[in-house]
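Student: Could you walk me through this protein? I'm new to it and would like to ask a few things.

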Amino acid sequence: MPDLVVRRYEESDADAVLALAPRLTEGVAPWRDPAAVERAVRGWVADAIAGTEPVWVAALDGRVVGFVHAGEHRHFTGERDGYVGELVVAADAARAGVGRALMDAAHRWAADRGLRRLTLETGAANATARAFFRSLGYAEEDVRLSRPLDS
């Protein structure tokens, strides 16, 4: 069994974390511009690792195979929630407990801050991610609808 370690992000992890960014394009609506989506997710990840909010990496036998970025957002009701901006697991490490271990780190962080909820977003078409989050006790709270407009 490989040795899984979850630890705080270090600058030396930057290339490995940035290489995982394209996994965040999965589940995005097919009518969105794929190049724009990829630019956006790379920007999110770059901002996360350059920022002050916590990022954890998961390493299997020393190789970074996933990361999670957490922060705090205010819900429209005024409640402060923890927020997972990005969770990524390498395709070859999926279903090995990596995502669960990373989410455990984010859960502990939010609970330690006295937050009562941890929220996140994922693509409506990302059935795998939605099932994973349901298995962790997440319930779908909001739905975004989209319609093309006649030119």
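Here is a short chat about the predicted model shown above.

Student: In what order do the elements of the protein run from the N terminus on?
Tutor: Let's start with the inventory: the secondary structure comes to four helices and five strands. Now read along the chain from the N terminus, and the order is β-α-α-β-β-β-α-β-α.

Student: What radius of gyration does the protein have, and what would a compact globule have?
Tutor: The C-alpha trace spans about 55 × 35 × 30 Å along its principal axes. For a compact globule with 151 residues you'd look for a radius near 15 Å, and the protein agrees with that, having 16 Å.

Student: Is threonine 119 buried or exposed?
Tutor: First, place it: threonine 119 is found in strand β5, residues 118–120. Leaving out residues up to four places away in sequence, threonine 119 touches Asp81, Gly82, Tyr83 and Val84. Buried means under 20% relative accessible area. Threonine 119 has 18% relative accessibility, so it counts as buried.

Student: Which residue does arginine 7 meet in a salt bridge?
Tutor: In general, side chains of opposite charge can pair when their charged atoms come close. Arginine 7 counts as partly exposed because its relative accessibility is 25%, whereas its partner is buried, with a relative accessible area of 4%. The N to O distance in the salt bridge is 2.7 Å, and the partner is aspartate 13.

Student: How far apart are the closest N and O atoms of glutamate 26 and arginine 23?
Tutor: Glutamate 26 is partly exposed at 37% relative accessible area, and arginine 23 is partly exposed too, at 29%. The two form a salt bridge, and their closest N and O atoms are apart by 3.0 Å.

Student: How many residues apart are arginine 63 and aspartate 92?
Tutor: The side chains of arginine 63 and aspartate 92 meet in a salt bridge, 3.0 Å from N to O. Arginine 63 is in strand β3, while aspartate 92 is in the loop between β4 and α3. That pair links distant parts of the chain, with a separation of 29 residues.

Student: And is aspartate 92 buried or exposed?
Tutor: Its partner, arginine 63, counts as partly exposed at 42% relative accessibility. Exposed means over 50%. Aspartate 92 has a relative accessible area of 57%, so it is exposed.

Student: How many salt bridges does the structure hold?
Tutor: Besides the pairs we went through, Glu72, Arg80 and Arg113 are linked in a network of salt bridges. For the whole structure, the number is eight.

Technical notes. Residues numbered from 1 in each chain as written. Predicted model: local features only at pLDDT ≥ 70, side-chain atom pairs only at ≥ 80, totals over all residues. Heavy atoms only, no water. Helix = DSSP H or I, 4+ residues; strand = E, 2+ residues; numbered from the N terminus. Rg over C-alpha atoms; globule rule 2.2 N^0.38 Å. Buried < 20%, exposed > 50% of the residue type's maximum accessible area, 1.4 Å probe, protein only. Contact = heavy atoms within 4.5 Å. Salt bridge = Lys/Arg side-chain N within 4 Å of Asp/Glu carboxyl O.
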